[in-house]
Amino acid sequence: MATRKRTATRSAGPGISRIDQAATRTHGYFVRLGYRKTTKGWRPKLSAFFGDVSHGGQSKALRAARAWREEMAKGAGRKAKSGGASRSSARGKTGARKKAGRKSASKGSRR
């Protein structure tokens, strides 16, 4: 029976997962917050990756991941979309209603 190297696992907290993929050189923490039902199953509403190198080490990446999760969980991020782009409302910046798009007649049908 082969023995497996055991590492001390420290709980990063709910919604935070450690990613170590040597083949793709990906090391860091992935945070998922809130879930929604889509046609392809359940997907996180908000997600972010905190890489070890870009944050100056594993402990700093974990600290940044926890801070981001707490900031988003306060309520400001619960209504935001994961892509960062918000859906435009029926009213533009001026407050006037947008008109529904009309299909233009094809050039061949004009007389």
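Of the 111 residues in this chain, 17% are buried, and by buried I mean under 20% relative accessible area, while exposed means over 50% and partly exposed covers what lies in between, with a 1.4 Å probe and protein chains only. Before going further, I should say that this is a predicted model, in which local features need pLDDT of at least 70, side-chain atom pairs count only at pLDDT 80 or more, and totals for chains, interfaces and linings use all residues. Residues are numbered from 1 along each chain as its sequence is written, and the side-chain values use heavy atoms, with hydrogens and water left out.

Let me begin with the overall layout. The chain has 2 helices and 3 strands, where helices (H or I, at least four residues) and strands (E, at least two) are DSSP runs, numbered from the N terminus. If you follow the sequence from its start, these elements come in the pattern β-β-β-α-α. The accessible surface, computed by the Shrake-Rupley method with a 1.4 Å probe, is about 9,800 Å², and carbon and sulfur atoms hold 51% of that surface. For contacts, meaning heavy atoms within 4.5 Å, we can take those with a separation of 6 or more, and 33% of them join residues that are 24 or more positions apart.

Now to the sheet. The strands form an open sheet of 3 strands in the order β1-β2-β3, and their pairing is antiparallel; here two strands pair if DSSP finds at least two bridges between them. Why is one side of β1 and of β3 left without a neighbour in the sheet? Strands β1 (16–21) and β3 (41–51) stand at the edges and each has a single partner strand, so one side of each stays without a neighbour. From one strand to the next, the twist averages 35°, and for angles like this one the axes are lines fitted to C-alpha atoms, for helices over the stretch in contact, with values from 0 to 180 degrees between N-to-C directions.

Strand β2, which covers residues 26–38, pairs with β3 in the antiparallel sense over 10 bridges, and a hairpin of 2 residues joins β2 to β3. Within this pairing, Thr38 has Gly41 of β3 as its bridge partner, and Val31 stands opposite Ala48 in β3. Across β1, β2 and β3 lies helix α2 (residues 58–73), which runs at about 20° to β2.

Which rings tie the sheet and this helix together? The search of the whole structure finds 1 aromatic pair, where rings of Phe, Tyr and Trp (its six-membered ring) pair if their centres lie within 6.5 Å, and planes under 30 degrees apart count as stacked, over 60 as edge-to-face and the rest as tilted. The rings of Phe50 and Trp68 have centres 6.0 Å apart and planes at 55°, so this pair is tilted. Because Phe50 lies in strand β3 and Trp68 in helix α2, the pair ties together parts that are 18 residues apart in sequence, and both Phe50 and Trp68 are buried.

Let us turn to the charged side chains. A salt bridge here is a side-chain nitrogen of Lys or Arg within 4 Å of a carboxyl oxygen of Asp or Glu, and by this rule there are 4 salt bridges. One of them joins Lys74 and Glu71 at 3.9 Å, N to O; Lys74 is exposed, with a relative accessible area of 67%, whereas Glu71 is partly exposed at 40%. Salt bridges that share partners also join Arg18, Asp20 and Asp52 into one network. In that network, the closest N and O atoms of Arg18 and Asp20 are 2.9 Å apart, and the salt bridge between Asp52 and Arg18 is 2.6 Å, N to O. This second pair links distant parts of the chain, with Asp52 in helix α1 (residues 52–55) and Arg18 in strand β1, 34 residues apart.

Is Asp52 buried or exposed? Asp52 is buried, with a relative accessible area of 12%, while Arg18 is partly exposed at 27%. Finally, Leu62 lies in helix α2 and counts as buried at 4% relative accessibility, and the C-alpha atoms of Leu62 and Asp52, 10 residues apart along the chain, are separated by 8.4 Å.
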